[in-house]
Amino acid sequence: MEDERIKCMIEFSGYITGKAEKHFIKKARELGQNIISVVMLLLFPAACYFTIKAEDSLYIKLFLFLFIGLILIAYIPKGKKEQRALTPKRIFTDGESIVCVADKYTESRFVEDVKKVKVYDEFYELVFPIGKVSEKFICQKSLLSKGTLEEFEVLFDGKIIRMKNK
């Protein structure tokens, strides 16, 4: 069985659209907001400390400007061209690793690192553990160009979670 999994080439080719694209945009926004929130929480005590120590309103203004800037980065939506450049257009696996390709990046993970695979009507979402988190692995079923959906699900046997429709 293991040899069969490694030989199996599965590929989703084309930009994700519809529900898959909306889900990707939502996940990307949430991940960005979470990262910026954590950074802000970690920097806030240091900012307060240095502001109190310096007793200078310039530092207060500088840190406020920094925090407002981070919030704006997290919450302002990207333009259509920028969003398209970040949208996955090809996801493939050789059974050992899985690779996501977009116009602006290429990202890969080991198949064994996949924590779970959420199955929706139109797409799969691959979920990774904290240290390897990525929102990019959204595989739209209709874009399958090599292999079968059954082979894809066998590759992640035991990690499949069927999601209820909303």
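A pocket, in the sense used here, is an open set of grid points with protein on both sides within 12 Å along at least five of seven lines. With that in hand, let us walk through this structure, which is a predicted model, starting with its empty space and moving on to its cores and strands.

The largest pocket holds about 410 Å³ of space. Its lining is made up of 20 residues, and Ala 28, Arg 29, Lys 78, Gln 83 and Leu 86 are the ones that lie nearest the centre. Three elements give two or more residues to that lining: α2 (18-54), α3 (57-75) and α4 (80-86). The largest share comes from α2, with nine residues. If you sort the lining by class, you find 13 nonpolar, three polar and four charged residues.

While you are looking at α2, find Gly 32, which sits in this helix. Gly 32 is partly exposed because its relative accessible area is 27%, a value between the 20% limit for buried and the 50% limit for exposed. Tyr 75 is 43 residues away from Gly 32 in sequence, yet their C-alpha atoms are 8.7 Å apart in space.

Next comes the enclosed space. Rolling a probe the size of a water molecule over the atoms shows where empty space is left. In this model there is one cavity of 30 Å³ or more, and the largest cavity has a volume of about 40 Å³. Which residues line the largest cavity? They are Phe 12, Gly 14, Ile 16, Pro 88, Lys 89, Arg 90, Ile 91, Ile 138, Cys 139, Gln 140 and Leu 143. Two strands, β2 (90-93) and β7, each give two or more residues to this lining, and β7 gives the most, with three. By class, seven of the cavity-lining residues are nonpolar, two are polar and two are charged.

From the spaces, let us turn to the packing. The largest nonpolar core has 27 residues, and those with the most contacts inside it are Ile 98, Tyr 124, Leu 126, Phe 152 and Phe 156. At least two residues of this core come from each of β1 (10-13), α2, β3 (97-101), β5 (116-119), β6 (123-127), β7 (138-140) and α5 (149-155). Strand β6 gives the most to the core, with three residues. Another core lies apart from this one; it has six residues, including Ile 36, Met 40, Phe 63 and Phe 67.

Ile 98 is a good residue to select in your viewer. Setting aside neighbours within four places in sequence, Ile 98 is in contact with Ile 91, Phe 92, Thr 93, Glu 107, Ser 108, Arg 109, Val 111, Leu 126, Phe 128, Phe 137 and Phe 156. Among these partners, Thr 93 also stands opposite Ile 98 in β3. The strand around it tells a similar story: four of the five residues of β3 are buried, so β3 is largely enclosed by the rest of the structure.

Now follow the strand pairing outward from β1. β1 and β2 pair in the antiparallel sense over four bridges, and Glu 11 stands opposite Phe 92 in β2. β2 and β3 also run antiparallel, joined by four bridges, with Ile 91 opposite Cys 100 in β3. The hairpin of β2 and β3 has three residues between the strands, and there Gly 95 takes a positive phi near 100 degrees. On the next step, β3 and strand β4 (residues 106-110) pair in the antiparallel sense over five bridges. Here Val 99 has Ser 108 in β4 as its bridge partner, and the hairpin that joins β3 to β4 passes through four residues. As you inspect these strands, keep in mind that in a regular strand the side chains alternate between the two faces of the sheet.

Our last stop is Lys 116, placed in strand β5. Is Lys 116 buried or partly exposed? Lys 116 is partly exposed because its relative accessible area is 26%. Not counting residues up to four places away in sequence, Lys 116 touches Glu 125, Leu 126, Val 127, Lys 159 and Ile 161. For Leu 126, the C-alpha to C-alpha distance from Lys 116 is 6.2 Å, with the two residues 10 apart in sequence. This brings us back to the largest nonpolar core, where Leu 126 is one of the residues with the most contacts.

Note on methods: Residues are numbered from 1 along each chain as its sequence is written. This is a predicted model: local features need pLDDT of at least 70, side-chain atom pairs count only at pLDDT 80 or more; totals for chains, interfaces and linings use all residues. Side-chain values use heavy atoms; hydrogens and water are left out. On a 1 Å grid over the protein atoms alone, a cavity is a set of points where a 1.4 Å probe fits but cannot get out, and a pocket is an open set with protein on both sides within 12 Å along at least five of seven lines; lining residues have an atom within 4 Å of a point. Grid points are joined across faces, edges and corners, and a volume is the space filled by probe spheres set on the points. Ala, Val, Leu, Ile, Met, Phe, Trp, Tyr, Cys and Pro count as nonpolar, Asp, Glu, Lys and Arg as charged, and the others, Gly among them, as polar. A nonpolar core is a set of buried Ala, Val, Leu, Ile, Met, Phe, Trp, Tyr and Cys residues joined through side-chain atoms within 4.5 Å. Buried means under 20% relative accessible area, exposed over 50%, partly exposed in between (1.4 Å probe, protein chains only). Contact means heavy atoms within 4.5 Å. Two strands pair if DSSP finds at least two bridges between them.
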